[in-house]
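Work through the exercises below with the sequence and the model at hand. Each task is followed by a stepwise solution.

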Amino acid sequence: MAIQTRYTGLIERYQDRLPVTASTKFISLGEGNTPLIKLQHIPRLIGKEVEIYVKYEGLNPTGSFKDRGMTLAVTKAVEAGSQAIICASTGNTSASAAAYAVRAGIRAFVLIPEGKIALGKLAQTLMYGAEIIQINGNFDQGMALVKEVANHAPVTIVNSINPFRIEGQKTAAFEIVDELGDAPDYHCLPVGNAGNITAYWKGYSEYYADKIANKQPIMCGYQAAGSAPFVKGSMVDNPETVATAIRIGHPQSWDLAWNVQEQSKGWFDKCSDAQILAAQKMLSQYEGIFCEPASATSLAGVLQDLSHGKIKEGTKIVCTLTGNGLKDPDTAITQCKSTHPVTIEANLDAVKKAILDQM
Ligand code: F0G
């Protein structure tokens with residue numbers, strides 16, 4: 001019988017393709033190796049002949065794809081002797097940075113926009129014990145401050161401008177090719193700072209160069225309509241969207257993402273908040289997959305581009321679902337207002353009636 005190898009995390013699994021050595025101490029929480037789930041009902045519901053897979057990154061240790069980059073960024077920060085990390089965040093990066101800092105025994109400082117991060121992300125960051133600095137401003141302003149302060153204080157930035165974040169995150173593309181046997185035809189992602197789309201493209205390109213994949217996907221980046229600098233073609237100063245994770249108007253990986261678009265013959269497009277929330281609900285109610293609003297932007301974009309015929313039938317599509325639905329309970333509950341549970345008496349007759357009334 002073959003012996004199953006249990007990897008502790010993505011650095012261990014893909015160490016030959018990552019900037020680590022035999023003496024590097026891996027800071028890991030068992031991230032990566034997330035499920036690639038084939039949608040069973042949605043393609044039929046929309047009447048399209050396509051295979052849609054979702055890469056469910058919400059099952060990483062802190063509930064988002066950020067852990068892929070953070071394990072390597074913190075590993076390298078510690079290797080370089082850093083005692084503290086810092087980031088600006090719409091919530092997920094801060095939760096991830098905070099957790100990996102604890103694991104490494106170093107400190108984490110996180111700048112977050114007051115009132116604009118989802119409840120679950122705040123809860124996590126508080127519990128991990130990070131130094132939280134709330135600002136009266138948005139992510140873009142926080143990011144500018146982080147870059148400035150890092151020139152004056154002994155802290156390592158762990159936003160996706162840290163190249164090790166991109167290196168770690170490219171492993172998601174490796175996992176997809178390893179599982180499907182090749183790259184998909186299209187890879188669709190929500191775009192904020194555009195670090196993740198850059199990372200996936202790097203992963204696919206490396207596997208293609210080494211002939212592990214026979215092709216490279218068309219990369220499709222989707223933004224929320226109120227925060228869509230890549231669609232506008234210039235920065236947005238007051239971004240707004242219900243998908244707070246991607247409420248970003250000044251993306252940090254601007255040039256890199258345009259290169260991805262050009263090299264992959266892909267595109268950027270936008271979806272309204274209503275489309276995003278509808279896609280989030282569809283995934284929950286028809287597939288049993290609960291992701292946060294920002295994550296559903298990838299599927300919202302696919303549904304839109306399939307209906308226009310921009311994404312062709314007879315193809316294989318992968319959507320990254322970047323974060324877990326539990327991150328943002330407020331938006332979920334607000335969305336389900338009309339289906340709020342009723343309360344009845346605690347006796348058999350009342351429960352029997354409640355069930356029979358529903359059948
Ligand atoms: N989806 C989720 C759930 C996110 O948290 C983010 C980014 C993105 C998509 C966009 O990824 O920036 O690489 O294009 N969140 C960052 C944060 C900004 O601070 O947690 P990107």
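**Exercise 1.** Identify the backbone polar contacts of the ligand.

*Solution.* Step 1: a polar backbone atom of threonine 93 is 2.8 Å from a ligand oxygen atom, where a polar contact is a pair of N or O atoms within 3.5 Å. Step 2: a backbone N or O atom of asparagine 196 also lies 2.8 Å from an oxygen atom of the ligand. Step 3: for alanine 194, the distance from a backbone N or O atom to a ligand oxygen atom is 2.7 Å.

The model is predicted; local features need pLDDT of at least 70, side-chain atom pairs count only at pLDDT 80 or more, and totals for chains, interfaces and linings use all residues. Residues are numbered from 1 along each chain as its sequence is written, and side-chain values use heavy atoms, without hydrogens and water.

**Exercise 2.** Determine where the ligand lies relative to the domains.

*Solution.* Step 1: 20 residues surround the ligand (a heavy atom within 4 Å). Step 2: domain 1 (10-63 + 165-335) and domain 2 (66-162), with bounds from an automatic or database assignment, both contribute to this shell, so the ligand lies between them.

Note on methods. A polar contact is a pair of N or O atoms within 3.5 Å; within protein, one must be able to donate a hydrogen and the other to accept it, and residues adjacent in sequence count only if both atoms are side-chain atoms.
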